[in-house]
Amino acid sequence: MTVRVRFAPSPTGYLHIGAARTALFNWLYARKEGGKFLLRVEDTDLQRSTDESTRSILEGLAWLGISDYDEEIVFQSQSADKHREAAARLVREGKAYRDFTPKGERADSNVKQEIAERARAQSEGSGTDHRANPYRDLPPEESERRAAAGEPYAVRLKVSPEGRTSFADAVYGEQTRDHSEIEDLVLLRSGDLSPLYNLSVVVDDIEMGITHVIRGQDHLTNTHKQILIYEALGARVPVFAHLPLILAPNKAKLSKRKHGEVVSLTTYRDRGFIPAAFRNYLALLGWSPGEENKELMSLEELKSLFSLEGVHRSNAVFNFSDSDPRQWTDQKALWMNAEYVRTMPLEELLPMARGELESAGLWRPEYGAERADWLGRTVELIRQRFITLKDFTGQGRAYFSDEFELDPAAVAKNLKKDAALGELLPALAERVEAVEPWNVETAEHALRAFAEERGVKAGLLINASRTALTGQAVGPSMFDVFEVVGRERSAARLRSAAQFV
RNA sequence: GGCGCGUUGGUGUAGUUGGUUAACACGCCGCCCUCUCAAGGCGGAGAUCACGAGUUCGAGCCUCGUACGCGCUACCA
């Protein structure tokens, strides 16, 4: 039997990293097993679902490299009739029943509290009897009659009072639950008979032939209910694999509302992350290849090493700080991105650098033509100390534009350090202009000779030059910078920097 | 409240028939390199493997209990 998995996001906002990780694991599993990866948009919540969310989720997945769905995308809202039919069938077969209890109002805000309070109240009394519904054993004819008369009803699954349901989770192992703990869950809402989540997923998963359900651990304890639906429907129960949750630094569940942008996948794209790097990082949240504990993995390695056995059971903390901009997201994610930036094949990085330059208005046609070699050399040089793609237009701006700001701290450190620089810099500029040919060696020779003549340390001029030419206090080896920036531009920048001394 | 799941340095993880000083990565500190900062190399701090019992010659690995965390419990998804 070929493996068929699906990723089933609900389009009620952007794709957050937890969901992205779920998608990634599903996809890796499918690719590893030579199976099919499907996508189903769970847009049954009409109020909250938007097309824009769907687009943004698809976009996020594509950014991660996941756009090769093996079949057409399924939109759950279009299958509502099927879900209703399934419920109707269960009623006919006596496996579900109509509940004519008037629909109670529920305050959406404090549901959890309400549940706890209700439970407490019940346990003080006779205990919880999930089978106490007066309509559970209504004769079929009467049920039909009342329904035909237009009396509103909900449809509930008739869970057998005896016994227990269990399944072997591929990650968490054997999971057993007694039926006394499972209520007769509602399948269809009263009134409009719209299907509820548990019914919809099961019917859709059956319809799509899903063999392995890989999803967040927050679904773990609902799985028994869903298995009951599978069984009532006479369908084969898939393999379930639940994934540990990704938590915020305070160990709370990662939420869009509380944690905002850091948890949105598109943030990483927008802030200059490399898809392969972030994918690599994400894969390590809750999974490891074991053995050597290898971390840097290419897509091919990820595909071949991934296994459900390597998924572990405890929740992972996604570490970030909203007070420290240097740790705006997980440090390891940042490190990994930097690692990719400086070690990935240059020809793969170049298009990304180009994209950054273009969006900052710094791209020039000659970079793609006669200056292509220069661009390659420059990118190779500066990428060594970059962390994200944004650095190409941030701290790397001076390599591509004459309009750049001098970092005040760098000015203080390297230019205001010695008043003599006010005179030295223009003189150095003059010397620079006379160098022929212009390359790393000749630039170095010229500067060192000049320093010796003037009786100053070369370091003074080197550091001053760095700030003059790049606006920064830090950067690549200065003579490489001289070469890449060019003789005339170097001279001009040395002259204009004198005013800051 | 009930039920479930989890707990290895600050974080991500390895540790798969129980067997000497608990491994790797990020982060942190120091040294080397050096024109700066990274990278790289070397070294270091940091874990009584949540806690308490038990089984055993021997437990991070097995059993039980406790604590803490998280999740589910809804005519939300």
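L469 counts as buried because its relative accessibility is 0%; buried means under 20% relative accessible area, exposed over 50%, and partly exposed in between, with a 1.4 Å probe and protein chains only. L469 lies in helix α18. Helices (H or I, at least four residues) and strands (E, at least two) are DSSP runs, numbered from the N terminus. The C-alpha atom of L469 is 7.6 Å from that of V485, and the two residues are 16 apart along the chain.

The model is predicted: local features need pLDDT of at least 70, side-chain atom pairs count only at pLDDT 80 or more, and totals for chains, interfaces and linings use all residues. Residues are numbered from 1 along each chain as its sequence is written, chains are lettered from A and ligands numbered from 1 in the order in which they are written, and side-chain values use heavy atoms, with hydrogens and water left out.

Chain A is assigned four stretches of domain: domain 1 (4-72 + 244-339), domain 2 (76-196), domain 3 (345-399) and domain 4 (405-501). These bounds come from an automatic or database domain assignment. The C-alpha centres of domain 2 and domain 4 are separated by 77 Å.

An open sheet of 3 strands has the order β1-β2-β3, with parallel pairing. Strands β1 and β3 are at the edges, each with a single partner strand, so one side of each has no neighbour in the sheet. Two strands pair if DSSP finds at least two bridges between them. Strand β1 (residues 4-7) runs parallel to β2 and is joined to it by 4 bridges. R4 stands opposite K36, and R6 stands opposite L38. From β1 the chain passes through helix α1 (residues 17-33) to β2 in a right-handed β-α-β crossover. A crossover is right-handed if, with the strands pointing away from the viewer, the path from the first strand over the helix to the second runs clockwise. On the other pairing, β2 and strand β3 (residues 74-75) are parallel over 2 bridges. V41 has F75 of β3 as its bridge partner. The connection from β2 to β3 runs through helix α2 (residues 51-63), and this β-α-β crossover is right-handed.

Strand β2 (residues 36-41) has 5 of its 6 residues buried, so it is largely enclosed by the rest of the structure. R40 is found in this strand, β2. R40 counts as buried because its relative accessibility is 0%. Its side chain makes a polar contact with the side chain of E42 at 2.9 Å. A polar contact is a pair of N or O atoms within 3.5 Å; within protein, one must be able to donate a hydrogen and the other to accept it, and residues adjacent in sequence count only if both atoms are side-chain atoms.

Strands β6 and β7 form a hairpin with 3 residues between them. The two run antiparallel and are joined by 6 bridges. S166 stands opposite T176 in β7. Side chains alternate along β6 (residues 164-169). T165, F167 and D169 point to one face and are buried, whereas R164, S166 and A168 point to the other and are not.

RNA strand B is surrounded by 69 residues, and the closest are E183, G286, N293, R385 and S477. A residue is near a molecule or strand if one of its heavy atoms lies within 4 Å of it. Of the strand B atoms within 4 Å of the protein, 64% belong to sugar or phosphate and the rest to bases. A backbone N or O atom of V317 lies 2.5 Å from a phosphate oxygen of RNA strand B. For S288, a polar side-chain atom is 3.2 Å from a phosphate oxygen of the RNA. A polar side-chain atom of N319 is 3.2 Å from a sugar or linking oxygen of the RNA. Elements giving two or more residues to this surface include α4 (111-124), β7 (173-178) and α12 (331-343). The largest share, 8 residues, comes from α4.

Some backbone geometry also stands apart. Most residues other than glycine have a negative phi, and most peptide bonds are trans. The peptide bond from E436 to P437 is cis, with omega near -5°. P437 is found in the loop between α16 (421-433) and α17 (440-454). L193 has a positive phi of about 55° although it is not a glycine.
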